[in-house]
Amino acid sequence: QVQLVESGGGLVQTGGSLKLSCAASGIIGSITAMGWYRQAPGKQRDLVASITSSGITNYADSMKGRFTISRDNGKNTVYLQMNSLKPEDTAVYYCHVAGRWLGSTYDHWGQGTQVTVSS
């Protein structure tokens, strides 16, 4: 059974930093990409950042220069370093894993971790 365990969310003041972690277990096949999405109340879930197994990263425009995604392939863990946080970054952050097994693709979601940035 696949499990994505997220940690690192919390309450921080404007301009502060947080680091999110997501450890995946029970994964079969090969992971092709890991990433983070976020969803604020009343809004859709949007991509924050993603990273492929070869280390290619992709960021939403509003996160470029402030957020850094990284991963440890050996531990199936993805990180999101968030700096210069703003109140508009307040949301539930979800870990996402995409992979491939026997010619089929799959994806899994974490349970989400709350990030609240106070003004």
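## Surface and core of a predicted model

At 70% relative accessibility, L102 counts as exposed, where exposed means over 50% relative accessible area, buried under 20% and partly exposed in between, with a 1.4 Å probe and protein chains only. The model is predicted, so that local features need pLDDT of at least 70 and side-chain atom pairs count only at pLDDT 80 or more, while totals for chains, interfaces and linings use all residues. Residues are numbered from 1 along each chain as its sequence is written, and side-chain values use heavy atoms, with hydrogens and water left out.

L102 lies in the loop between β9 and β10 (104-109), strands being DSSP runs of E with at least two residues, numbered from the N terminus. Its phi is near 50°, a positive value in a residue other than glycine, and S84, likewise not a glycine, has a positive phi of about 50°.

| Residue | Place | Relative accessibility |
|---|---|---|
| I28 | loop between β3 (18-25) and β4 (30-39) | 45%, partly exposed |
| T77 | strand β8 (residues 77-82) | 7%, buried |
| S84 | loop between β8 and β9 | 40%, partly exposed |

The side chain of T77 reaches the backbone oxygen of K75 at 3.0 Å. Leaving aside residues up to four places away in sequence, T77 touches C22, A23, M34, S70, R71 and D72, contact meaning heavy atoms within 4.5 Å.

The largest nonpolar core (buried Ala, Val, Leu, Ile, Met, Phe, Trp, Tyr and Cys residues joined through side-chain atoms within 4.5 Å) has 30 residues, of which W36, L80, M82 and Y93 touch the most other members. Among the elements that give two or more residues to this core are β7 (67-72), β8 and β9 (91-101).

Conventions. Helices (H or I, at least four residues) and strands (E, at least two) are DSSP runs, numbered from the N terminus. A polar contact is a pair of N or O atoms within 3.5 Å; within protein, one must be able to donate a hydrogen and the other to accept it, and residues adjacent in sequence count only if both atoms are side-chain atoms.
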